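The exercises below are meant to be worked with the sequence and the 3D structure open side by side. Please attempt each task before reading its solution.

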Amino acid sequence: MRTETGLAMNAGVSLGALRKGAQAEIVALDETAATTTLDTGELERRLIEMGLVEGARIEILHEGFPRRDPIAVLVGDSTIALRRAEANAVMVRRLKD
Amino acid sequence: MPKDDGFPPRPAGPPRIALVGNPNCGKTALFNALTGARQKVANYAGVTVERKEGLFVSPGGTRVKVIDLPGTYSLRARSPDEEVTRDVVLGRRADEEVPEAIVCVVDATRLRLNLRLVLEMKKLGRPVILALNMMDEAESQGIAVDAAELSAALGMPVVPTVAIRKDGIQPLLDQIDRTLQVAKSEGLAPKTAPCGWSEPSARDLRDYHLEVETILAQAVGRPSRPHLATRKIDSVLLQPAAGLAILLILLFLMFQAVFSWARLPMELIDGGLSAVKGAIDAGMADGPLKSLITDGIIGGVGSVVIFLPQILVLFLFIQILEDSGYMARAAFLLDKMMGGVGLHGRAFIPLLSSFACAVPGIMAARTIENRTDRIATIMIAPLMTCSARLPVYTLIIAAFIPQRQVLGGWVGLPGLVLFALYAAGILSGLLIAFILKRTVLTGAREPLLMELPAYRLPRPRNVLLGLYERARAFLVRAGTTIFALMVVIWALASFPAAPEGATLPAIDYSIAGMIGHFLEPLLAPIGFNWEIAVALVPGMAAREVAVGVLGTVYALSDSGDAMRNSLAGLLAHSWSLPTALSFLTWYVFAPQCIATLSVVRRELNSYWWPTAMFFGLTSLAYGASFATFRVASALIGE
């Protein structure tokens, strides 16, 4: 599969939309896709600091209650909890649902 | 005599090292291992961030000061705690000398996340030692970290440590000696060392990340795997239904323990205080001094000290939940529901602590980074029924609520009323948070973005050191602030003295009595008599003192439980039921606790918020009591 098609197919898939058990690879960070009151650039930096950066493999381990929010995500060797609102800023390529 | 360590900026004191690391990297355990009980906790000036300092003697015989800086993921500070870490290592704090060396503590099982901070620290241009902590766990998980390789890649000494084992910190101690020796021989003046750190952009952070990946590829033989046991435990504890049920059961057990485990020590303290009071009563001539000692100091400070066992049991639970890694899970489980009223999941811990006492609860709100979230949490903390209100509740309930079984004989009426009082506090607190977050404290919530650390067995040593520190802080406060307040209130209640041949209790003639009489017309609409008004004045210092004052006002001389029992009978005769219910309602909201207001002032560094809290809660208490009194009067037909 060529890269462009691959990206096009997955355009708009965000970490915030994934369900428990899903595995994916992070392809981009896009703050504008999330609702946040943080200053511009701040959410992106915080996500990177917690290991949510391009190329990282992730897996959704747990979902909160109610409305399956927040989510606990396995990133590398750590488990990070975040809300779906912020997870929307993380664009992913699905590996397994 | 202080010996010369050869550091130009401070030729006197011993050299200092600072511990820096991510949260949950075992930094505090390492600090405890280095210093043992030789540590002191204070506050940084101007902010209420804990400053932990300790002392140890290195193998080379050097006395070394060690500072435990608040955990952080980055030097880009996001909370007051993280600002302190940044400012200390950058030498920006006037009240803290720049450390001669920095010990960067990393969790060897989570190097990917931890190493980025190390790269940032390297930019500071100061001697850095990397402590590869939790090496035992890394080994048992099959993670092969090559310390020599890591040291070469990072360009700094790397020592494996196991903070929880006796010999686990020897390599670190030796390295500290070597590093300080080098710093000394070079005559390095830390203040003038070039600092290459600047706030990293998203691009810089990505570069750091790539650098970490390169280093990991070089130095870690087998990649780390997620902690399997943790994952298995979480599949139960974070399961929405079962997880919440377990959390509720845990909380229930905790409250049971706070009351049942603490009972015996509290009775012992009560008995001890009564004995001392009795001895002084018998051995000292009547006079102002005796009254000051027995009524003011023993009666006043003692009534606060008696809550030490409850506070310690509560903190024992909190410390164990914290050290085991469960607290982050509780925040995870409750985040969405607390979000319904605009609170952060992390507000759970401060609010929980407030059931023991609002003061540590408000202090625990420091973990909430966002200021508006933090203010909202602090403002409703006094509505969580603190243990100081319990003596007041039990007194009034014993006097007015009949021992009857309700709900088909399952529940006693007194217990139900007590539960209703707690529930009223919680519900009104949530309601106020909801209103505050939609009016003055607007803005979306701070992101959660929180690590769920691997579960670990809490170490008794760390738990005990934590409890010791709590107890010390509480007793110091009781011996200073509360002591001073009690003396003032005792004076108000004792002077001017009753004239010769007075028929009324002495307090009637005192300033407190005058204040009571002055307040009476104001409080009459809510059913309070002047005796209650008098009790509210010293209740400002500590709520439970109101019980003692009511006893004094009703001219009883006994103390402790004996007094409470007879006082209950007396109150049942002299108060109407609507007055009693109104009084209970008042105490659900009652803001009159100076300690709470002063800690709010300190924590938020503002006079506005404590003032708003005082007037807001007073009007709320007044309104609710007024409604209770009127409705109850109408129902009873008085």
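**Exercise 1: Aromatic pairs in chain B**

B:Phe317 has a relative accessible area of 18%, so this residue counts as buried, the cut-off being under 20%. The model is a predicted one, and this residue serves as the starting point for the first task.

Task: Classify the ring pair of B:Trp261 and B:Phe317, and state which parts of chain B are tied together by the pair.

Solution. Begin with the general principle that a pair of aromatic rings is described by the distance of the centres and the angle of the planes. Over all chains, the count comes to 9 aromatic pairs. For B:Trp261 and B:Phe317 the centres lie 5.6 Å apart and the planes make an angle of 40°, and the pair is tilted. Next, place the two residues: B:Trp261 lies in the loop between helix 9 (240–260) and helix 10 (263–283) of chain B, while B:Phe317 belongs to helix 12 (residues 308–324) of chain B, so the pair ties together parts that are 56 residues apart in sequence.

Task: Repeat the analysis for B:Phe355 and B:Tyr422, and decide whether these residues are buried or exposed.

Solution. The ring centres of B:Phe355 and B:Tyr422 are 6.2 Å apart and the planes stand at 15°, so this pair is stacked. The pair links distant parts of the chain, since B:Phe355 is in the loop between helix 14 (348–353) and helix 15 (358–364) of chain B and B:Tyr422 is in helix 18 (residues 413–438) of chain B, 67 residues apart. Both B:Phe355 and B:Tyr422 are buried.

**Exercise 2: A covered helix and a ring cluster**

Task: Determine how many residues of helix 17 (residues 390–400) of chain B are buried, and find a member of this helix that belongs to a ring cluster.

Solution. Helix 17 of chain B is mostly covered, with 9 of its 11 residues buried. Among the buried residues are B:Leu390, B:Tyr393, B:Ile397 and B:Phe400. B:Phe400 is also linked by ring pairs into a cluster with B:Phe528, B:Trp575, B:Phe583, B:Trp586 and B:Tyr587.

**Exercise 3: The contact between chain B and chain A**

Task: Describe the contact between the two chains by its residues, its buried area and its salt bridges.

Solution. The contact takes 43 residues from chain B and 38 residues from chain A. Together the chains bury about 3,600 Å², of which 59% is on carbon and sulfur atoms. On the side of chain B, B:Arg206, B:Lys336 and B:Leu449 lose the most area to chain A, together 20% of what that side buries. Turning to charged groups, there are 8 salt bridges between chain B and chain A, and in the one between A:Glu59 and B:Arg231 the closest N and O atoms are 2.8 Å apart. As for secondary structure, helix 13 (326–339) is one of the elements of chain B that each supply at least two residues to the side touching chain A, and helix 13 gives the most, with 5 residues.

**Exercise 4: A salt bridge with unequal exposure**

Task: Compare the burial of B:Asp95 and B:Arg93, the partners of a salt bridge.

Solution. In this salt bridge the closest N and O atoms of B:Asp95 and B:Arg93 are 2.8 Å apart. B:Asp95, at 40% relative accessibility, counts as partly exposed, whereas B:Arg93, with a relative accessible area of 16%, is buried.

Key:
Residues are numbered from 1 along each chain as its sequence is written. Chains are lettered from A and ligands numbered from 1 in the order in which they are written. This is a predicted model: local features need pLDDT of at least 70, side-chain atom pairs count only at pLDDT 80 or more; totals for chains, interfaces and linings use all residues. Side-chain values use heavy atoms; hydrogens and water are left out. Buried means under 20% relative accessible area, exposed over 50%, partly exposed in between (1.4 Å probe, protein chains only). Helices (H or I, at least four residues) and strands (E, at least two) are DSSP runs, numbered from the N terminus. Rings of Phe, Tyr and Trp (its six-membered ring) pair if their centres lie within 6.5 Å; planes under 30 degrees apart count as stacked, over 60 as edge-to-face and the rest as tilted. Contact means heavy atoms within 4.5 Å. Buried area is the accessible area (1.4 Å probe) that two parts lose on being put together, summed over both. A salt bridge is a side-chain nitrogen of Lys or Arg within 4 Å of a carboxyl oxygen of Asp or Glu.
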